[in-house]
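Pull up the model and keep the sequence beside it. We'll start with one residue pair and work outwards from there.

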Amino acid sequence: MSARLFAFRPVDGALRSDALGDGAFFAPRGTLLVSRRKKFHRGVDLLVTPGEHVRAPADGVVVRRGTVYVTGVSFGLVEVACGSVIHRVLYIDPTVAAGDTVRTGSTIGLAQDLRLRYGPRIKPHIHWETMLTGVLLDKGKKNHHKVWVNPLTLTHAVVPPLVSG
Ligand SMILES: [Zn+2]
């Protein structure tokens with residue numbers, strides 16, 4: 001298993017856009033009350049049919065299986081690490097456990113139904129975000145920054161130009 005940025009979509013569904021939110025990467029997500037810093041969507045929301053299989057975006061190891069909300073109807077999450085690349089998928093009922101090795105495309109969980117928490121105005125979706133860890137930022141003061149990349153930009157293979165000689 002080698003770390004790589006190339007990734008596959010966990011589901012085939014389109015980008016979410018509904019009365020409760022825009023599922024695009026970097027879409028506005030309000031403002032933090034204390035610091036007044038603007039928040040942005042760190043991943044993409046992809047539409048699902050509840051119960052459908054959600055696939056591992058890459059070869060890797062399951063480093064976390066968790067719960068999204070503390071109160072009310074809760075949902076699951078799975079994180080798959082491939083070297084310094086971590087894929088986090090939310091709103092799934094996990095079928096894998098921490099420590100499991102997964103292959104690209106293998107099932108990591110079943111899509112859940114967010115309408116059970118938010119009502120009919122939300123379209124069922126998964127949230128998929130990709131972090132690069134151990135990143136040194138030029139002007140950063142911390143050594144262990146992580147940054148988020150748009151996972152959909154990793155799903156298109158870039159073919160390098162042929163170099164002769
Ligand atoms: Zn989201």
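**From one bridge to the core**

Start at L90, whose bridge partner in strand 13 is H127. Strands here are DSSP runs of E with at least two residues, helices are runs of H or I with at least four residues, and both are numbered from the N terminus. Residue numbers start from 1 along each chain as its sequence is written. Bear in mind that this is a predicted model: local features need pLDDT of at least 70, side-chain atom pairs count only at pLDDT 80 or more, and totals for chains, interfaces and linings use all residues.

That L90–H127 bridge belongs to the antiparallel pairing of strand 9 with strand 13, which are joined by 6 bridges. Two strands count as paired if DSSP finds at least two bridges between them. Strand 9 also pairs with strand 8, antiparallel and again over 6 bridges; here A81 has I86 of strand 9 as its bridge partner. The hairpin of these two strands has 2 residues between them, and G83 takes a positive phi near 65°.

How well covered is strand 9? Mostly: 5 of its 6 residues are buried, that is, 20 or more other C-beta atoms lie within 10 Å of their own (12 or fewer would be exposed, in between partly exposed, with C-beta atoms placed from the backbone). Across the protein, 27% of the 165 residues count as buried.

Now for the largest nonpolar core, a set of buried Ala, Val, Leu, Ile, Met, Phe, Trp, Tyr and Cys residues joined through C-beta atoms within 7 Å. This core has 24 residues, and V80, V89, Y91, I92, I108 and I126 touch the most other members. At least two core residues come from each of strand 5 (44-47), strand 8 (76-82), strand 9 (85-90), strand 12 (107-111) and strand 13 (125-135).

I92 is worth a closer look. Beyond its neighbours within four places in sequence, I92 has contacts (C-beta atoms, placed from the backbone, within 7 Å) that include V54, V78, I108 and I126. I92 also stands opposite A111 in strand 12, and strand 10 pairs with strand 12 in the antiparallel sense over 3 bridges.

Step back to the open sheet of 3 strands, which has the order 6-12-10 and antiparallel pairing. Strand 6 (53-55) and strand 10 (92-94) each have a single partner strand, so one side of each is left without a neighbour in the sheet.

Finally, the overall tally: the protein has 1 helix and 14 strands.

Terms used
Contact = placed C-beta atoms within 7 Å.
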